[in-house]
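Open the model in your viewer and keep the selection panel at hand. Each stop below tells you what to pick and what you will find there.

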Amino acid sequence: MLDRLYRKLSILEIVYQRNGIMMDLYIEKMVLQKLSSRGSNDICISLVIDGEILRNDRLRGFVKQVRQMKLQVSVTCYNIRNFDFLIEIKDLVGQIRISIDEDLNYIGILDYTYDLLKTDRNQIVYLFKISETEDIEDFIELLEDNDYIFNISYKSEISKTKYWEIAKFVSELKNRYPLKIFQEFTCAGVEYDNIKGICPSLTSLMCVDVRGDIKYCNNDFSQRYLHIEDGDLDTLFTIIGNQVAICEIPRCNKQAYDCCMGGCPLEQTKEVNKFCKFN
């Protein structure tokens with residue numbers, strides 16, 4: 001249900017903590033004010049927590065205030081080993097997303113966090129960013145007897161050949177487990193209908209980082225010279241939305257282009273996505 005919901009609604013991604021820095025109280029207050037003044041319930045809030053949480057009371061208070069606005073909330077966790085802080089908000093969020101990296105005990109962390117955080121009202125989604133299909137093959141059998149959901153994306157440094165190899169693998173996997181596989185792929189929709197790739201920055205309200213800067217997404221580290229103070233949310237994200245890089249001269253027909261949405265704006269080379277099948 002939430003997968004369809006996220007595709008329908010706009011997503012405002014908020015990097016609430018990263019590199020040992022939590023969102024400044026002034027910026028947090030401003031974000032809440034702008035959300036409240038927007039007066040719309042067609043937004044999902046996606047909170048990003050990167051690193052061990054510094055102030056659980058701050059996070060809990062922020063989530064509660066967002067929920068009072070009748071907005072849906074998800075939490076995405078990177079580089080975290082202690083997930084106990086999520087216990088207090090697990091009933092308030094619709095989705096908890098946990099990044100699984102090479103340093104974690106995969107099996108143990110899946111079992112532990114699922115039992116710790118799953119409720120009747122949320123989803124627990126495990127994020128895998130892979131460079132080889134072998135990176136995840138050992139864990140596919142877990143989907144048979146568990147209600148785990150895997151969200152699979154790719155590491156941007158891989159070659160185009162490897163990208164399409166992984167896309168084929170994920171498409172076949174989604175055919176086997178249509179309700180247990182989410183994916184983050186651009187371009188792949190031209191070849192595989194069931195993983196039609198959309199870049200969130202082309203369909204969402206994009207991202208506010210810990211310092212209040214406006215970015216394409218949580219993976220965008222460039223300075224876009226827009227700040228939460230500069231205007232209302234709709235105006236800010238319309239401005240940066242118009243700056244998203246797209247293919248200058250599409251090398252495919254309109255139907256194919258509509259499927260890939262021009263690819264990820266962070267992976268553009270001379271206005272062409274690096275994984276474009278037709279390039």
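**Stop 1: two loop residues**

Select K70 to begin: with a relative accessible area of 66%, K70 counts as exposed, because the cut-off for exposed is over 50%. Bear in mind that this is a predicted model. K70 sits in the loop between α3 and β4 (72-78). Check its backbone: K70 is not a glycine, yet its phi is positive, about 65°. Most residues other than glycine have a negative phi.

Go to Y225 next. Y225 also has a positive phi, near 60°, and is a residue other than glycine. Find Y225 in the loop between β10 (214-215) and α9. Y225 is exposed, at 70% relative accessible area.

**Stop 2: α2 against α3**

Show residues 25-38, helix α2, together with residues 56-68, helix α3. How do the two helices run relative to each other, parallel or perpendicular? Their axes come within 11 Å and cross at roughly 10°. Angles under 35 degrees count as roughly parallel, so α2 and α3 are roughly parallel to each other. Now show the side chains at the contact. From α2, pick L25, E28, V31, L32 and L35; from α3, pick R58, F62, Q65 and V66. Colour the contact residues by type: six are nonpolar, one is polar and two are charged.

Stay on E28, which belongs to helix α2. Is E28 buried or exposed? E28 is buried, because its relative accessibility is 6% and the cut-off for buried is under 20%. Beyond its neighbours within four places in sequence, E28 contacts Y16, M23, R58, F62 and Q65.

**Stop 3: the nonpolar core**

Select L12, I45, Y126 and F150. These have the most contacts inside the largest nonpolar core, which has 83 residues. Helix α7 supplies the largest share of this core, seven residues. In soluble globular proteins, nonpolar side chains tend to be buried together.

Zoom in on L12. Leaving out residues up to four places away in sequence, L12 touches L35, I43, C44, I45, S46, L205, M206, V208, L233 and F237. L35 takes you back to the previous stop, where L35 is part of the α2 contact with α3.

**Stop 4: helix α7**

Select residues 160-176, helix α7. How far apart are its end C-alpha atoms? They are 25 Å apart; at 1.5 Å a residue, the 17 residues should span 24 Å, so the two values agree. Now pick out the buried residues of α7: K162, Y163, W164, I166, A167, F169, V170, S171, L173 and K174. To see what covers them, turn on their surroundings, including β6 (123-130), α5 (134-137), β7 (149-154) and β8 (181-183).

**Stop 5: two pairs distant in sequence**

Select E267, in the loop between α10 (254-260) and β11 (268-269). E267 is buried, with 9% relative accessible area. Draw a C-alpha to C-alpha distance to S156: the two residues are 7.7 Å apart in space and 111 residues apart in sequence. S156 is also among the contacts of E267. The others, not counting residues up to four places away in sequence, are Y154, T186, V272, N273, K274 and F275.

Finish at G241, in helix α9 (residues 233-241). G241 is partly exposed, with a relative accessible area of 29%. Draw one more C-alpha distance, to S204: G241 and S204 are 9.0 Å apart in space, with their positions 37 residues apart in sequence numbering.

Definitions and conventions: Residues are numbered from 1 along each chain as its sequence is written. This is a predicted model: local features need pLDDT of at least 70, side-chain atom pairs count only at pLDDT 80 or more; totals for chains, interfaces and linings use all residues. Side-chain values use heavy atoms; hydrogens and water are left out. Helices (H or I, at least four residues) and strands (E, at least two) are DSSP runs, numbered from the N terminus. The expected span of a helix is 1.5 Å times one less than its number of residues. Buried means under 20% relative accessible area, exposed over 50%, partly exposed in between (1.4 Å probe, protein chains only). Contact means heavy atoms within 4.5 Å. A nonpolar core is a set of buried Ala, Val, Leu, Ile, Met, Phe, Trp, Tyr and Cys residues joined through side-chain atoms within 4.5 Å. Axes are lines fitted to C-alpha atoms, for helices over the stretch in contact, and angles run from 0 to 180 degrees between N-to-C directions. Angles under 35 degrees count as roughly parallel, over 145 as roughly antiparallel, 65 to 115 as roughly perpendicular and the rest as oblique. Ala, Val, Leu, Ile, Met, Phe, Trp, Tyr, Cys and Pro count as nonpolar, Asp, Glu, Lys and Arg as charged, and the others, Gly among them, as polar.
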